[in-house]
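Subject: Structure for you to look at

Hi,

Here is the structure I promised to pass on. Have a look at it first, and then read my notes below.

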Amino acid sequence: MTDIEHHLTPKETVRRYCLQCVGGVREDVKNCEGTGCALWPYRNGKRPPVKAFRKFCLQCSNRSCSYIAACPSVNCPCYPYRFGTNPARSIKYEKVLRERRFYAQASMLDGQAMVNS
Ligand code: SF4
Ligand code: SF4
């Protein structure tokens, strides 16, 4: 299993992002004064709708949809939710996973063939 198959839940994602944002101090997340931040209402454990991540990514990218689509920060906790959808429920996402598995298996077989030759 890869990381992409084990992404965090929306609630865990906010928790992780907020902790990163304030340098890991829980009390600072609680006391965050960034009321304009799209994640702010959810920083203390309230379950966020996935649309909140789209809003947050628009804030992060200065409202650039193209930046979000090609966001280079694949390790950002919000990355799987950046389109405002839950990738675990996305048919397209399932297709991406299937393709990744296929190519991973193909490259493993290629590697074995090279060892055996
Ligand atoms: S609510 Fe926004 S500004 Fe506040 S800690 Fe979380 S990510 Fe940072
Ligand atoms: S996924 Fe990309 S656009 Fe969204 S918050 Fe993270 S770095 Fe910003």
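Start with Asn 62, which sits in the loop between helix 3 and helix 4 (65-69). This is a predicted model, by the way, so please read everything here in that light. What caught my eye is the backbone: Asn 62 has a positive phi of about 60° although it is not a glycine. As for its surroundings, Asn 62 counts as exposed because it has just 7 C-beta neighbours inside 10 Å, and the cut-off for exposed is 12 or fewer.

Arg 63 belongs to the loop between helix 3 and helix 4 as well. Its phi is also positive, near 65°, and again the residue is something other than glycine. Is Arg 63 buried or exposed? With 10 C-beta neighbours inside 10 Å, Arg 63 counts as exposed.

Now to the ligands, beginning with ligand 2, since helix 3 comes up again there. Helix 3 (residues 51-60) supplies the largest share of the shell around ligand 2, namely three residues. The full set around ligand 2 is Phe 56, Cys 57, Cys 60, Ser 61, Ile 68, Cys 71, Ser 73, Cys 76, Cys 78, Tyr 79 and Arg 82. Sorted by character, that shell has eight nonpolar residues, two polar ones and one charged one.

Ligand 1 has its own set of residues. Around ligand 1 you will find Tyr 17, Cys 18, Cys 21, Val 22, Val 29, Cys 32, Gly 34, Cys 37, Leu 39, Trp 40 and Arg 43. Which helix gives the most to this shell? That is helix 1 (residues 10-21), with three residues. By character, the shell around ligand 1 splits into nine nonpolar residues, one polar and one charged.

Stepping back to the whole chain, the secondary structure amounts to five helices and zero strands, so if you follow the sequence along, the pattern reads α-α-α-α-α. The protein chain has 117 residues, and 16% of them count as buried. On contacts, if you take those with a separation of 6 or more, 51% are between residues 24 or more positions apart.

If you open the model yourself, I'd go to the loop with Asn 62 and Arg 63, and then to the residues around ligand 2 and ligand 1.

Cheers

Definitions and conventions:
Residues numbered from 1 in each chain as written. Chains lettered and ligands numbered in written order. Predicted model: local features only at pLDDT ≥ 70, side-chain atom pairs only at ≥ 80, totals over all residues. Near = placed C-beta within 6 Å. Helix = DSSP H or I, 4+ residues; strand = E, 2+ residues; numbered from the N terminus. Nonpolar A, V, L, I, M, F, W, Y, C, P; charged D, E, K, R; others polar. Buried ≥ 20, exposed ≤ 12 C-beta atoms within 10 Å, placed from the backbone. Contact = placed C-beta atoms within 7 Å.
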